[in-house]
Amino acid sequence: MFLQTAAQFAVTATVASAFDGGVGGLGKTKPETGVTLFEESSAPIQNGSGLVTAEIKSISGKPILVEFQSPWPLLPTSAGLEARDLRSSESAFVQLVSSNPDWKNRKVFQQLLEASVLAKQGKYGAYGTPTDIRVKPFDAERGVYTVTFTSYTPAMRESERQVYIKPIEVGDSLVMLVAGTTRNAFSSQEKTFSKVIDSFSAIAAPNLDYERNSDA
């Protein structure tokens with residue numbers, strides 16, 4: 001099943017001393033990922049085999065069920081939904097933006113990324129807008145893009161990055177999983193990132209409160 005009960009997935013999250021924003025999580029501010037939990041009392045969960053599940057809000061406030069497999073622990077954070085290796089720079093996180101009718105056009109998709117993930121308020125822009133951005137369809141059948149860019153560390157050093165991004169349109173929202181690391185480390189971890197990206201799912205969830213009100 002796409003999403004099972006919380007009891008079946010519940011595990012104690014790894015508590016980590018880490019910041020939320022910026023490259024590798026070392027940011028001065030929390031990045032704006034567009035991700036808000038549908039119910040604040042229902043925290044994201046990760047089971048023993050690494051499956052991360054969460055129910056988040058769409059742009060219009062409707063519930064979306066998201067799921068992805070990660071070898072890294074779910075990060076306890078209020079800035080979104082992220083799994084990360086705290087000893088290195090490998091990570092996977094969810095970004096949500098308003099959908100665009102032309103988002104499958106590469107140039108339009110790059111503009112969406114430059115206004116979110118790669119913007120100054122985004123995950124990779126806390127210390128300066130990323131440069132040298134290249135967005136390419138990696139596998140059209142799988143719906144995966146490969147993106148390379150140069151971001152900046154807290155010490156203002158350049159950091160060349162490479163990520164896979166899988167976007168899924170759910171109603172008025174475009175839900176994306178972003179998984180990657182430094183460009184030098186990417187090739188040795190490519191199979192891992194590929195598995196993480198291919199495991200990503202996002203579907204509209206039943207809104208039980210809405211259905212109850214409609215039946216009343």
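Helices and strands here are DSSP runs, numbered from the N terminus. With that in hand, proline 137 of this predicted model can be placed in strand E6, which covers residues 131–139.

Before looking around, it helps to know how far the model can be trusted. The chain has an average pLDDT of 84, and 81% of its residues score at least 70. Two stretches fall below 50: one is residues 1–22, although the model still has 51 contacts there beyond four places in sequence. The other is residues 212–216, a stretch with zero contacts beyond near neighbours in sequence. Where pLDDT is low, the predicted coordinates shouldn't be read in detail.

Strand E6 belongs to an open sheet of six strands, paired antiparallel in the order E4-E5-E9-E8-E7-E6. Strand E4 (82–84) and E6 are the edge strands, so each of them pairs on one side only. From one strand to the next, the twist averages 25°. Further in, E7 and E8 run antiparallel and are joined by eight bridges. Phenylalanine 149, for instance, has arginine 161 in E8 as its bridge partner.

Back on the edge strand, is proline 137 buried or exposed? Its relative accessibility is 52%, and because the cut-off for exposed is over 50%, proline 137 counts as exposed. Setting aside neighbours within four places in sequence, proline 137 still touches Arg106, Val144 and Tyr145. Tyrosine 164 sits 27 residues away from proline 137 along the chain, with 9.7 Å between the two C-alpha atoms.

Two helices pack against this sheet. Helix H2 takes up residues 106–114, and its buried residues are Val108, Phe109, Gln110, Leu112 and Leu113. What do they pack against? The partners are strand E5 (91–98), E6, strand E7 (144–152), strand E8 (158–170) and strand E9 (173–182). The direction of H2 makes about 130° with that of E6. At the N-terminal end of H2, asparagine 105 acts as a cap, with a side-chain oxygen 2.9 Å from the backbone nitrogen of lysine 107. Helix H3 (residues 183–198) lies across E5, E6, E7, E8 and E9 too, and runs at about 145° to E9.

There's also an open sheet of four strands, in the order E1-E2-E3-E10 and again with antiparallel pairing. Its edge strands are E1 (45–46) and E10 (201–204), each pairing on one side only. Inside this sheet, seven bridges link strand E2 (residues 51–57) to strand E3 (residues 63–69) in the antiparallel sense. Across that pair, threonine 53 stands opposite glutamate 67 in E3.

That leaves the nonpolar cores. In soluble globular proteins, nonpolar side chains tend to be buried together. The largest nonpolar core here has 27 residues, and Ile56, Val66, Phe68, Leu81, Val94, Val175 and Phe200 have the most contacts inside it. Two or more residues come from each of E2, E3, E5, E8, E9 and H3. Which element gives the most? That's H3, with four residues. Valine 175 shows how such contacts bring in distant parts of the sequence: among its partners beyond four places are Ile56, Ile64, Val66, Val94, Phe200 and Ala202. A second, separate core has 19 residues, including Leu113, Val117, Val147 and Phe149. Two of these names have come up already: Leu113 is one of the buried residues of H2, and Phe149 is the bridge partner of arginine 161.

Definitions and conventions: Residues are numbered from 1 along each chain as its sequence is written. This is a predicted model: local features need pLDDT of at least 70, side-chain atom pairs count only at pLDDT 80 or more; totals for chains, interfaces and linings use all residues. Side-chain values use heavy atoms; hydrogens and water are left out. pLDDT is the predictor's confidence in each residue, from 0 to 100. Contact means heavy atoms within 4.5 Å. Buried means under 20% relative accessible area, exposed over 50%, partly exposed in between (1.4 Å probe, protein chains only). Two strands pair if DSSP finds at least two bridges between them. A polar contact is a pair of N or O atoms within 3.5 Å; within protein, one must be able to donate a hydrogen and the other to accept it, and residues adjacent in sequence count only if both atoms are side-chain atoms. Axes are lines fitted to C-alpha atoms, for helices over the stretch in contact, and angles run from 0 to 180 degrees between N-to-C directions. A nonpolar core is a set of buried Ala, Val, Leu, Ile, Met, Phe, Trp, Tyr and Cys residues joined through side-chain atoms within 4.5 Å.
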